[in-house]
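Here are some exercises to work through with the model open beside you. Try each task before you read its solution.

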Amino acid sequence: MNSPNFKIGIIGGGPAGVATAIKLKQYDFKVILFEASKYDQITVGEHLAAEAVHELKKLKVPESILRDHSIPCTEVQNAWGNSEIHYNEAIFNPFGESYILSRPNFDSALLQHCKEIGIDVHLETRISKIEARTLGWKLSTNKEDTEVHFIIDASGRTSKFNFGAIVQRKKVQDSLIGITKHLNSEHLQSIDRSHLLVESTSNGWWYTVQIASGKLISTFMTDPKIFTQSKMSQNDFWNDQLENSIHTKARLDSFEQTNDIFIQSAHSQIATQIQGNTWLKVGDAAQSFDPLSSAGIIKGLKMGISAADALHDFIQGDANALLTYEDKIRDQHKEYKEKRLAYYQQEHRWLHAPFWYQRILFAKQILNFSITPISRLTIIDSNCKDKILFLNTQLPEINFETLLQSIQLYPLAKDAITNYQKATHQKQMNPWLIYALESFKTIGIIE
Ligand SMILES: Cc1cc2nc3c(=O)[nH]c(=O)nc-3n(C[C@H](O)[C@H](O)[C@H](O)COP(=O)(O)OP(=O)(O)OC[C@H]3O[C@@H](n4cnc5c(N)ncnc54)[C@H](O)[C@@H]3O)c2cc1C
């Protein structure tokens, strides 16, 4: 098929949709890009990895877009694993300094560039429905309907499109939300460089950055359950958690809080299907990362380029090109999950706080469950009533008192398990028992 006659509709003008559109345009496809907003909403995600420069170069995006809508990020400071600040200086990064973006201005400037290179851009146009047609899809919008041969779903982490397939976006274990507040500096002076501060606390972690406009953005990442159980307003909860921090609180001291506070979901997820013969997903619509990785935007740019390459090859006759694209994303997600778990595992200060306990236990399951049936278990903290109470709330399937008594009687793991099953009248192995033993070890009751 001749590229210019092949019409491709892209839903979403975030980094992933824009990168896909530009690369497809370079292949001479007819691209129609739909963006629901006019970039006047608050967008979170400000830290852009240094290597993004190379992706933007590949896309032939003018350097002025990044220069005019960002400031250099001099370093990443993190208090993670202990209360001291560790510095990750940009000078040690082979790609140089990273960037603090003024989003949504950056996204908006990229879209403007799309227009300038001849992409058919429809701003403030929300795709409300898609219907299959013999040769592609009909897209219904709040303005007029359009028909396209192929759809690219770049509508972000809340994507609702499943293309007639059974596409679900599967959570990768944890729930995570970000509660973001904007603060103003007393003198509202603009700055020409900034740094990123990451600090863990007992209920989650903080992410704070001052952006070019003199504003400071501070997000507390936590589990939705911790927030709802507090029964506090967003504002009170955010302030309450700030009291648990050291460095974040100090950095926020000279800023005035505004009323801008909002919650966003931030858990990691991956779609159960990423492509079909007439559609594919890109960016957060395909897979989204924990903000800890600071990699959502660069991932969107890279995936956009790969998606366009794959679609080009597919149309040129490579029947496997889209499948290969999906495989690549699945491999990437596996690698990402392992890195993320390893990072959460570095924090040991609050092992019996739900936020960290869940993540570290899950990390152990994936990376190294250490207890085997022939492990000899030694009780090192027998005065552990509070810890047992905590564990009962985390794994209600298990009677932890009985399990501890079983270990006292039978130190070999397999014997302790047999005794526990007898004592609780269970005939079959309870799969949560291995988590329970690992939990004892994680929070220092056995070794
Ligand atoms: C709290 C938090 C902090 C983060 N911090 C960082 C960070 O520091 N660095 C980083 O790299 N990443 C960060 N991220 C992640 C990053 O913001 C995203 O990964 C990135 O924006 C994804 O790009 P995208 O193009 O896939 O989707 P999005 O940027 O979400 O863009 C999707 C676009 O689609 C449009 N759209 C949606 N539905 C429709 C529709 N029906 N019709 C038309 N248009 C539609 C939306 O308006 C939007 O513009 C953070 C995320 C969170 C939640």
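**Exercise 1. The ligand shell**

Which of the 35 residues around the ligand come nearest? Then find the elements and domains that supply the shell.

Solution. Before starting, note that this is a predicted model: local features need pLDDT of at least 70, side-chain atom pairs count only at pLDDT 80 or more, and totals for chains, interfaces and linings use all residues. Residues are numbered from 1 along each chain as its sequence is written.

Step 1. Gly14, Gly45, Gly156, Gly283 and Gly296 come nearest of the 35; a residue is near a molecule if its C-beta atom, placed from the backbone, lies within 6 Å of it.

Step 2. Sort the shell by class: it has 14 nonpolar, 17 polar and four charged residues. Here Ala, Val, Leu, Ile, Met, Phe, Trp, Tyr, Cys and Pro count as nonpolar, Asp, Glu, Lys and Arg as charged, and the others, Gly among them, as polar.

Step 3. Look for the elements that give at least two residues each: helix H1 (15–26), strand E3 (47–48) and helix H8 (296–315). H8 has the largest share, with four residues. Helices (H or I, at least four residues) and strands (E, at least two) are DSSP runs, numbered from the N terminus.

Step 4. Now place the shell among the domains, whose bounds come from an automatic or database domain assignment. The chain is divided into domain 1 (3–71 + 100–173 + 268–343), domain 2 (177–265) and domain 3 (361–442). The ligand lies between domain 1 and domain 2, because both give residues to its shell. As for domain 3, its C-alpha centre lies 45 Å from that of domain 1.

**Exercise 2. Helix H1**

Describe the span and the surroundings of H1.

Solution. Step 1. H1 has 12 residues and reaches 17 Å from first C-alpha to last, close to the expected 16 Å. The expected span is 1.5 Å times one less than the number of residues.

Step 2. Since 11 of its 12 residues are buried, H1 is largely enclosed by the rest of the structure. A residue is buried if 20 or more other C-beta atoms, placed from the backbone, lie within 10 Å of its own.

Step 3. The buried residues of H1 pack against strand E1 (7–11), strand E2 (30–34), helix H4 (105–116), strand E11 (150–153) and H8. Just after H1, Asp28 takes a positive phi of about 75°.

**Exercise 3. Strand E15 and its partners**

Trace the pairing around E15, then examine Val209.

Solution. Step 1. Two strands pair if DSSP finds at least two bridges between them. E14 (residues 194–201) pairs with E15 in the antiparallel sense over six bridges, with Ser200 opposite Trp205. The two form a hairpin with two residues between them.

Step 2. On to E16 (residues 215–222), which runs antiparallel to E15 and is joined to it by seven bridges. Thr219 in E16 is the bridge partner of Tyr207. Gly214, in the hairpin of E15 and E16, takes a positive phi near 90°.

Step 3. E16 is also joined to E13 (residues 177–185) by eight antiparallel bridges, and Thr180 stands opposite Thr219.

Step 4. Seven of the seven residues of E15 (residues 204–210) are buried, so the strand is largely enclosed by the rest of the structure. Val209, in E15, counts as buried because it has 21 C-beta neighbours inside 10 Å.

Step 5. Leaving aside neighbours within four places in sequence, Val209 is in contact with Glu46, His47, Ile100, Ser194, Leu196 and Ile217; contact means C-beta atoms, placed from the backbone, within 7 Å.

Note on methods:
Two residues are in contact if their C-beta atoms, placed from the backbone, lie within 7 Å.
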